[in-house]
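Please examine the sequence and the structure shown here before reading the notes below.

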Amino acid sequence: MNTIFAVLLVFVGCCSNVVFLELLVRKFPGCGNIVTFAQFAFIALEGFIFETNFGRKKPAIPMSNYVIMVTMFFTVSVINNYALNFNIAMPLHMIFRSGSLIANMILGIIILKKRYSMSKYLSIAMVSLGIFICTIMSARQVNTGVEGSEEQDVYAFLHWLLGIAMLTFALLMSARMGIFQETLYKQYGKHSKEALFYNHCLPLPGFLLLSSDIYNHCVLFSQSTPVEVPVIGQAVPVMWLYLLINVITQYVCIRGVFILTTECASLTVTLVVTLRKFISLIISILYFKNPFTAWHWVGTAVVFLGTLIYTEVWTSVRMALRGKEELKEKKAE
């Protein structure tokens, strides 16, 4: 029952989150910092009340380790959202972030000296190829979609290229953080809720560096069209309403993933998250009519097929079917 509930939380929370994030970004492309700050503040407040019992509970993992983890987490979150300022379409943003498997494997080989099966290398090659196809197609759209002089075209392309570089850096940094977390959990045990709290609470002072941008967007949000909220019977600027729903759905999504990690095998979690990304991508394309060519679909299909091969879903399905057949044969005897 808990598993079904967690899967529902992941799909409803994460897919809704993508919709409201795109509504925010379409109106104000530079609003990544205020969105990140709102998400961090909300999750930190919830963790302070329910996880640390208003600061009375001591952390199981030393604070010095959290400082390192938080520095990486803050950097990844800010850069991922800030990259949307650089002509990065939401579908490409989602596809690019699906390449975390590549980064994890590369850093796993370099840092942890891991070795993988041929199927794993094949899956990584497929994911890389899929992302490459989507990126090249998006680059062509940047070149052809900007009207103006040749200098403006070059500027738009370099602007987009900087966004791609930011996403690549965030991808590698995220993988490095994952390896760091893995080593911490082996040493101190798993404390997912505690890590969730400190990852969102400790970086809050860092947003002082972005305070002017956040304040400017607060002003812009307050000037947006007011809409009446039925429950409270008050008119609220629509952008603040979108931000509130985005923050709540982000929390629902994270909680769903947390419940899944405690109830299911990591393979199941990976499969659910992958399917969620695919559905979010389709919603972004169909609902917001984002430009998506046949080659984008090919690239997307290759990315998700590679992900499924990596998680060995086919092997698990075959084993499950074989187990059912053996059970039927035993009953027949």
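The following notes deal with an enclosed cavity and with two isoleucine residues.

This is a predicted model, in which local features need pLDDT of at least 70, side-chain atom pairs count only at pLDDT 80 or more, and totals for chains, interfaces and linings use all residues. Residues are numbered from 1 along each chain as its sequence is written, and side-chain values use heavy atoms, with hydrogens and water left out.

**The cavity**
- The structure holds 1 cavity of 30 Å³ or more; on a 1 Å grid over the protein atoms alone, a cavity is a set of points where a 1.4 Å probe fits but cannot get out.
- The largest cavity encloses about 60 Å³ of space, a volume being the space filled by probe spheres set on the grid points, which are joined across faces, edges and corners.
- Its lining residues (those with an atom within 4 Å of a point) include Ile43, Glu46, Lys193, Phe197, Tyr251 and Arg255.
- At least two lining residues come from each of helix H2 (32–50), helix H8 (192–201) and H10; helices are DSSP runs (H or I, at least four residues), numbered from the N terminus.

**Two isoleucine residues**
- Ile248 belongs to helix H10 (residues 238–263), and Ile309 belongs to helix H12 (residues 294–310).
- Ile248 is partly exposed because its relative accessible area is 37%, whereas Ile309, at 17%, is buried; buried means under 20%, exposed over 50% and partly exposed in between (1.4 Å probe, protein chains only).
- The C-alpha atoms of Ile309 and Met126 are separated by 9.4 Å, although these residues are 183 residues apart along the chain.

Terms used. On a 1 Å grid over the protein atoms alone, a cavity is a set of points where a 1.4 Å probe fits but cannot get out, and a pocket is an open set with protein on both sides within 12 Å along at least five of seven lines; lining residues have an atom within 4 Å of a point.
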